[in-house]
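Here's a quick briefing to read alongside the structure. Take a look at the model first, then work through the notes below.

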Amino acid sequence: MKNAEAMKTTVREKYAEIALQSRETNAASCCGVGTPGTYTIMSESYAQLAGYNPDADLALGCGLPTEFAHIEPGDTVLDLGSGAGNDCFVARAATGDSGKVIGVDFTPEMVRKARLNAEKLGFNNVEFRQGDIEDLPVSDNSTDVIVSNCVLNLVPDKARVFSEIMRTLRPGGHFSISDIVLVGQLPKALQQSAELYAGCVAGAIQHEDYLNLIREAGFENITVQKQKPILIPDHILLAHLSDEGLQDFLASGTGIFSITVYAEKPGGTPTAKNREKRKVNLAELKAAIACCEPGSGCC
Ligand SMILES: C[S@@+](CC[C@H](N)C(=O)[O-])C[C@H]1O[C@@H](n2cnc3c(N)ncnc32)[C@H](O)[C@@H]1O
């Protein structure tokens with residue numbers, strides 16, 4: 001595999017091409033980027049979500065990070081690797097007019113497309129910044145919630161991204177990130193494929209190492225909210241493996257998973273999720289007190 005800068009250039013070039021074509025072309029046509037479907041097999045349906053904007057949906061995600069993001073009206077939300085703005089517009093529906101949504105992406109063509117989408121909707125509190133998520137163009141302690149969909153696997157220094165998330169979240173803020181992880185090793189031919197690197201598979205790390213990076217960055221209450229296996233169609237695998245190599249891979253037991261992980265930055269005021277937990281604890285406390293009242297028969 002190439003060095004970090006060369007890998008980033010490959011990723012930027014692929015996503016620039018994708019930004020310039022329609023979702024349908026990318027998913028199905030022989031004129032899409034690379035082997036048909038490589039970039040869209042992991043995506044979930046957004047159509048039922050409030051704020052959904054079909055123009056921003058290039059089917060490039062691998063989960064629904066906003067589903068577990070506990071975004072509240074007035075929140076400042078940051079989306080890492082925002083593409084054409086798909087999760088930003090869903091987040092905007094939750095923050096309302098009083099909040100703010102910032103998308104960061106390092107592919108100029110994606111940023112242009114996202115800005116055009118925001119302009120068409122007339123939103124003045126959704127902003128797209130061009131930048132690298134290893135070095136976020138966002139000030140310290142300035143965001144309530146960070147989301148990201150299928151991006152960190154593309155980044156060579158994932159520890160650096162979690163340290164940037166820690167820097168930019170306010171104390172007590174939280175993140176919800178959908179990403180790809182592995183359990184077991186990919187065959188060398190898949191590991192070394194630039195197309196599968198840009199297609200969110202070859203740059204993925206082990207499930208356990210991913211959670212360890214989050215722990216080592218200092219986050220608390222780390223929870224895998226959702227996990228699902230990703231089955232890569234044979235026609236994509238056969239672009240990189242022989243028939244025998246494919247059979248060996250299928251028999252190897254290696255798993256490719258989409259996970260959505262939630263975690264909190266320590267300190268500060270409680271997040272929405274913590275507030276919910278406290279409500280539950282308060283209800284438990286009240287029940288315990290009632291139970292101890294004279295005549296209740298349980299103490
Ligand atoms: C798989 S796409 C996902 C886009 C978007 N999150 C979505 O679900 O539609 C990955 C996006 O991350 C961006 N990206 C990859 N590496 C990045 C980095 N180091 N810094 C900023 N953006 C990056 C790419 O330009 C691309 O738009």
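Which residue in β4 does aspartate 79 stand opposite? That would be valine 147. Keep in mind that this is a predicted model. The notes start with strand β1 and its partners, then turn to the ligand.

**Strand β1 and its surroundings**
- β1 covers residues 76-80, and five of the five are buried, so the rest of the structure largely encloses this strand.
- Thr76, Leu78 and Leu80 point one way from β1, while Val77 and Asp79 point the other way. Whichever way they point, all of them are buried.

**Who β1 pairs with**
- Strand β2 (residues 100-105) runs parallel to β1, and five bridges link the two.
- Within that pairing, valine 77 has valine 101 of β2 as its bridge partner.
- Strand β4 (residues 143-149) also pairs with β1 in the parallel sense, here over four bridges. This is where aspartate 79 stands opposite valine 147.

**How β1 connects to β2**
- Helix α3 (residues 86-95) joins β1 and β2 in making a β-α-β unit, and that unit is right-handed.

**Around the ligand**
- The ligand has 23 residues around it, and the closest are Gly61, Gly81, Gly83, Phe106 and Thr107.
- Two elements, α1 (4-19) and β2, give two or more residues each to this shell. So β2 turns up twice in these notes: as a parallel partner of β1 and as a contributor to the ligand shell.
- Sorted by class, the shell has 13 nonpolar residues, seven polar ones and three charged ones.

Definitions and conventions:
Residues are numbered from 1 along each chain as its sequence is written. This is a predicted model: local features need pLDDT of at least 70, side-chain atom pairs count only at pLDDT 80 or more; totals for chains, interfaces and linings use all residues. A residue is buried if 20 or more other C-beta atoms lie within 10 Å of its own, exposed if 12 or fewer, and partly exposed in between; C-beta atoms are placed from the backbone. Two strands pair if DSSP finds at least two bridges between them. A crossover is right-handed if, with the strands pointing away from the viewer, the path from the first strand over the helix to the second runs clockwise. A residue is near a molecule or strand if its C-beta atom, placed from the backbone, lies within 6 Å of it. Ala, Val, Leu, Ile, Met, Phe, Trp, Tyr, Cys and Pro count as nonpolar, Asp, Glu, Lys and Arg as charged, and the others, Gly among them, as polar.
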